[in-house]
Structure formats: structure tokens, C-alpha cells
Amino acid sequence: MRPLLLGALMVAFAGSGVGAQIVSNPHGDSVMACATCHLPGGWTPVRIAPGFRHAERTFPLDGAHVTANCKSCHTSLVFTEAPKQCASCHEDVHRGELGLTCGRCHTTRDFSDQTRLPRLHEETRFPLRGAHAAARCESCHARTIAGQPQFTGQPLQCVGCHAADYRAAVSPPHASAGFPTDCATCHSETSWRGAPFDHATTAFPLTGAHQAATCASCHTDGHYVGTPTTCVSCHQPDYAGTRNPPHAAAGYGTDCTTCHTSTTTWQGATFDHNATQFPLTGAHLATSCASCHADGVYRGKPTTCISCHQPDYDGTRNPPHAAAGFSTDCTTCHGNITWQPATFDHNSTQFPLTGAHLATSCASCHADGVYRGKPTTCISCHQPDYAGTTNPNHQAAGFPTTCESCHSTTTWNGATFDHDNEWFPIYSGAHRGRWGSCSTCHTSPSDFSVFTCLTCHQRGETDSHHREVTGYQYQSQSCYSCHPQGRH
């Protein structure tokens, strides 16, 4: 008969060749020849014969399964009852947290082989990057339940695993300095070293020389949170040690940005003098600080011209300002670009300049060096002109010394004496244009009270007009007595 397992019986021969033994078939589901698995000398030891292909039984053997004992998986002699799920043979130490498909993470070579882990972790909320990709599972999954690691519900924040690193950091001391526990703010996933801190996210962005400064330059006390952002909080020694100019002694403000607009270097500071009570204009723009601040005083300096220019005032000789009593307010006459030319506003005095006086030199009136308290009458300067005049002879004729009575300030010529209102109308009425000079009527050049009407008014004509006039006399005083306005 064929050496097959038929029905429920199997004929086998003992290894010793003594008799035949009929046994039941424990593999009722199998129709394979016994020799496929059993050696001719007895039922044991069992072998996997070359003719048996496990792959044909829907569970190909590879890795550690190739050398595993059959009974490891086939606890029942009914081989088809062997389950195919990993967890049926292998204890699920993950308590179902990661599912029952061990092949997602493990290979059949070895449970410790985690070559599939990084790929699998991509499917979670925490993909592995940098140093995390090479880390052992237990590095992050150290928490256990009943002695077994926990995989689900793990924290995603850095500090969940790296709290000890955070507390142990001393350069700078993260915990005491109040650094955020979000490690990714400064660190990469590859290494703790070379962590860049984005200072621009703070209240003090780094610019200029601050970018190359060490952290300890400003954070010498180990404090990082709440560090003051004012310049002087770090640069008080620089402020106190400055000598040109001496900031502290001069009372300079401690806001360095007022003058030092660059954070790159202290040099090239620009002080905005226009923000003070003395804006710089003209020649002052090119003047050195020491010209006015040679005494080292910068705050509270007087702003009057004379406070700096007293020597200039005292040394001036043309005219001598001090002796002449000139005002010490230099702006009265001078601009702020140069001393020359000075313009004195004579109109602000008691003697405004008009006419020919506008072009007259100061020395013409102030030859005596006196400028303050000078008399303002014409005769005080023009006495020689008054005395030398002969047509008419002012002095001999007793003309008043109020030159403005007849003359303008433009020229002596064209003088007009108010003869019409004061004495006798000669510029209006019947006598207008009937005379050529004063001597026409005033025959005595030294006495203008002497006058004659008879030069023009002949006796024959005059007598004929006065035949019926009682008391008539052919005499100049009589003419004026009856005709004071020159009318008939």
C-alpha cells in the first residue's frame, strides 16, 4: 500500500523492526507522506524534509522562523490550527498600543532590529529627525506601565524628554535665566551645540557691534529675562569715563542714542545742538565745541553773544564799543556769519536816519567817539554850516538854528522858509513869482527885519491908488501895516 496517511489509521514500522504497530493519525488534516517529516528509524526526531514547502502553507518562513522549532508555533499536532498573527506566538508587550502587526516595526530576524522604526514614526505626530532618528526607543519611551514601556500618549514638547538637559544647562543657565522650555526656539534636532538665539524676537534686537558681542557682555549677572534695554544699563562705565567731552561732569543725558546714532562705534557722534536753547547757525556751525565749552561746562551755558564774545566787544576800536557804550547784544548790529559788515539800526534810536544821513559815515557825527547820549538837534552837527551860510547870512540875519524849519535832510539847496504863514505871503497871492531872491525885498543882508516895498511899487502908481485914503504914506512900514497879506 502506498505510504500515505489514509483516513484515521497509519501503518508504521518501529525502528527496531519488531512487529508492526498501528497508530492513529494525529494530523488528520494532512495527506502528506509520513517520511516528509519523520525519519525511517522512528517518529522522532522530526525533520522538515526538503520536499516540504512552508511557503505553500501561506506562512513563508524567513529570518528567525527558519530555525525555530515546529512546536514553537504548532502547539497542537493539528498544524493547520496554528495562527498566523504575530501576537499569537509573541507576547504583546505594548498592550495593543501599537496594534497586533509586529511587522510594522520588527523584522523576523530579531525583535531588537528597529530598522523600520523611523519610517513607521513618520505616521505619528512626532516624525523622527536628526539625532532622534538614531535614538533608542526607550530613550523617549522610558515611562512604563507594569514594567512595560508606554508608546501612546507620549508628550510632543521637547521638555517632555529634555527637562533634565534644560535644568542642567549652565551656559547660559536656562532655568534661572527664564529661557523658554521650547528647545526648538534655539536648538536644532541634530545637536545641542551651536544654538542660535534670535535676539530680534526680544525687546532688544541686536544691531551693529552688538551682533558680535558675547552674551556675557550684557548678561554678566546671569539674568536674561527682564534685562534693561537702555544704553546706559551696559555702558555706564563708558559714559563715566568719557573725557572729550566729559559726559558726566558736563551733565550730558544718559540716552546714548541722542548723539551716537550708530551701534557700530562710539566715534562719529553727532550732537543735535538745534535741540538745545542755542541752535547753531552761520559761523557757529563750524566752531569746535571747545570754543564755547572750554570750561568743560555744557549744561546751563548762557546763550547771550557777550558770554563768549566779551573779548571781541572789549577789543573793538572802530568804533570802540565799550567806551561808546554800545549794547552788548551783538545781534543788534552783527550777523552770525562774520563781524563785517555790521549794520546798526539807527532807526531804533532817538535819531532815525533819513535823506543824506543814510550815506553818512559814523565818524561824521561821532568823531568824538561818543555814541550814547549824543544830541539829536541839527545844529549840534551843522553849526559850521549855519555859521558859514551867506545867502542869506543865517547868523547875521538871526535865522533860527532849527535847520528843519527850512531844509530837508536830503540837501541844503531848495530850502523853503515858511514866509507865507509866518510873515508875508510871497509864495502865494499877488506876490507869487514877483521876486527873484531875498534881497529883492530885504536890502540889509544882516538884518531881515529891514525890508522895502518901494523897489517894486513906484510912487506915482501908489499915490494914484491912495488919493482918497486918509493917513496914507508912501512908506514900506505903512504898506505892510495896511496890506499884511499883500492884497489890495
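**Figure 1. A salt bridge within helix 17.** Because D463 and R459 lie four residues apart in helix 17, which spans residues 459-465, about one helical turn separates the two. In this predicted model, D463 and R459 form a salt bridge in which the closest N and O atoms are 3.2 Å apart. D463 is partly exposed, its relative accessible area being 24%, and R459 is likewise partly exposed, with a relative accessible area of 48%.

**Figure 2. The salt bridge between D295 and K301.** This view centres on D295 and K301, whose side chains are joined in a salt bridge with the closest N and O atoms 2.9 Å apart. The acidic partner, D295, has a relative accessible area of 49% and therefore counts as partly exposed. K301, with a relative accessible area of 26%, is partly exposed as well.

**Figure 3. The salt bridge between D368 and K374.** Here the side chains of D368 and K374 meet in a salt bridge, with an N to O distance of 2.9 Å. D368 is partly exposed at a relative accessible area of 49%, and K374, for which the relative accessibility is 23%, also falls in the partly exposed class. A search of the whole structure finds three salt bridges, among them this pair, D368 and K374.

**Figure 4. Surroundings of C186.** C186 is placed in the loop that runs between helix 6 (174-177) and helix 7 (215-218). With a relative accessible area of 13%, the residue C186 is buried. When residues up to four places away in sequence are left out of the count, C186 touches A195, P196 and F197. Of these contacts, the one with P196 links positions ten residues apart along the chain, and the C-alpha atoms of C186 and P196 are separated by 5.2 Å.

**Figure 5. The cysteines C305, C330 and C333.** A disulfide is a covalent bond between the sulfur atoms of two cysteines. The count of disulfides in this model comes to zero, and the view shows two cysteines, C305 and C333, for which the closest cysteine sulfur is in C330. The sulfur of C305 lies 4.3 Å from that of C330, which is too far for a bond because the cut-off for a pair of cysteine sulfur atoms is 2.5 Å. For C333, the distance from its sulfur to the sulfur of C330 is 8.8 Å, again too far for a bond. C305 counts as partly exposed, at 24% relative accessibility, whereas C333 is buried, with a relative accessible area of 14%.

**Figure 6. The protein as a whole, as context for the close-up views.** The predicted model contains 18 helices and six strands. Of the 488 residues in the protein, 18% are buried, and among them are C186, at a relative accessible area of 13%, and C333, at 14%. Among the contacts in the protein with a separation of 6 or more, 40% are accounted for by residues 24 or more positions apart. The accessible surface of the protein comes to about 33800 Å², and 57% of this surface belongs to carbon and sulfur atoms.

How values were computed
Residues numbered from 1 in each chain as written. Predicted model: local features only at pLDDT ≥ 70, side-chain atom pairs only at ≥ 80, totals over all residues. Heavy atoms only, no water. Buried < 20%, exposed > 50% of the residue type's maximum accessible area, 1.4 Å probe, protein only. Contact = heavy atoms within 4.5 Å. Salt bridge = Lys/Arg side-chain N within 4 Å of Asp/Glu carboxyl O. Areas by Shrake-Rupley, 256 points an atom, 1.4 Å probe, with all protein chains shown as cover.
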